[in-house]
Amino acid sequence: MRLNEFYVSSEDLSNSYKIYVEINKDIFPIFDIEFSDQKILLVPNKYKHPLKLSQFNTRTSQLDDHLSLFCKTNEIPKLFGYRLKNDQLIFG
């Protein structure tokens, strides 16, 4: 998923949604964002508090919106979308 696609699809969502990622059927909070090799890397950590959508948007607002979203894991899988569950925005 590219950043611009995410912005368009999430523009009507509440800024209070918390950001998570699903890895092998487990849900992990995204607590940080890194930028590497023309990629946006979402950094999961099950022991940290998740970023809110407003924090994510603030941190990525100055980036090229054609960059793709990835999860920073051993394999760094590309993220293709997200789903909503309660107050969670879950990338996968």
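A residue is taken as buried when its relative accessible area is under 20%. By this criterion, both faces of strand β6 are covered in the predicted model. Gln88 and Ile90 are buried on one side of the strand, and Leu89 and Phe91 are buried on the other. In a regular strand the side chains alternate between the two faces of the sheet.

The protein chain contains 2 helices and 6 strands. Read from the N terminus, its elements follow the order α-β-β-β-α-β-β-β. The radius of gyration is 12 Å, close to the 12 Å given by the globule rule for 92 residues, so the chain is as compact as a globular protein of that length. The C-alpha trace spans about 30 × 30 × 20 Å along its principal axes. Of the 92 residues, 35% count as buried. The accessible surface of the chain amounts to about 5,700 Å², and carbon and sulfur atoms account for 45% of this area. Among contacts between residues at least 6 apart in sequence, 61% join residues that are at least 24 apart.

Strand β6 is paired with both β1 and β5. The strands β1 and β6 run parallel and are joined by 4 bridges; in this pairing Lys18 stands opposite Gln88 of β6. The pairing of β5 with β6 is antiparallel and also extends over 4 bridges. Here Lys85 is the residue that stands opposite Gln88. Gln88 is itself among the buried residues of β6. The hairpin formed by β5 and β6 has 2 residues between the strands, and within this hairpin Asn86 adopts a positive phi near 55°.

The two helices were examined for the placement of their buried residues. In α1, which covers residues 3-10, Leu3, Phe6 and Ser10 are buried. Viewed down the axis of α1, these buried residues fall within an arc of 60°, so they line one face of the helix. They pack against β3, α2, β4, β5 and β6.

In α2, which covers residues 53-60, the buried residues are Leu53, Phe56 and Thr60. Seen down the axis of α2, the buried residues again lie within an arc of 60° and therefore line one face of the helix. Their packing partners are α1 and the strands β1 (18-23), β2 (26-36), β3 (39-44), β4 (68-71) and β6 (88-91). Each helix thus appears in the list of partners of the other: the buried residues of α1 pack against α2, and those of α2 pack against α1. Strands β3, β4 and β6 are among the partners of α1, and they are also among the partners of α2. Strand β5 is listed for α1, while β1 and β2 are listed for α2.

Charged side chains were considered next. Side chains of opposite charge can pair when their charged atoms come close. The structure holds 4 salt bridges, among them the three described below. Arg83 forms a salt bridge with Glu22, with 2.7 Å between the closest N and O atoms. This pair links distant parts of the chain, since Arg83 belongs to strand β5 (residues 82-85) and Glu22 to strand β1, 61 residues apart. Arg83 counts as partly exposed because its relative accessibility is 38%. Glu22 is also partly exposed, with a relative accessible area of 30%.

A further salt bridge is formed by Asp32 and Arg59, whose closest N and O atoms are 3.1 Å apart. Asp32 lies in strand β2 and Arg59 in helix α2, so that distant parts of the chain, 27 residues apart, are linked. Asp32 is partly exposed at 22% relative accessibility, and Arg59 is partly exposed with a relative accessible area of 39%. Helix α2 is therefore joined to β2 by this pair, in addition to the packing of its buried residues against β2.

Glu34 forms a salt bridge with Lys72, and the closest N and O atoms of this pair are 2.7 Å apart. Glu34 is located in strand β2, whereas Lys72 is located in the loop between β4 and β5, 38 residues apart. At 27% relative accessibility, Glu34 is classed as partly exposed. Lys72 is likewise partly exposed, its relative accessible area being 37%.

Notes: Residues numbered from 1 in each chain as written. Predicted model: local features only at pLDDT ≥ 70, side-chain atom pairs only at ≥ 80, totals over all residues. Heavy atoms only, no water. Buried < 20%, exposed > 50% of the residue type's maximum accessible area, 1.4 Å probe, protein only. Arc of directions from axis to C-beta. Contact = heavy atoms within 4.5 Å. Salt bridge = Lys/Arg side-chain N within 4 Å of Asp/Glu carboxyl O. Pairing = 2+ DSSP bridges. Rg over C-alpha atoms; globule rule 2.2 N^0.38 Å. Areas by Shrake-Rupley, 256 points an atom, 1.4 Å probe, with all protein chains shown as cover.
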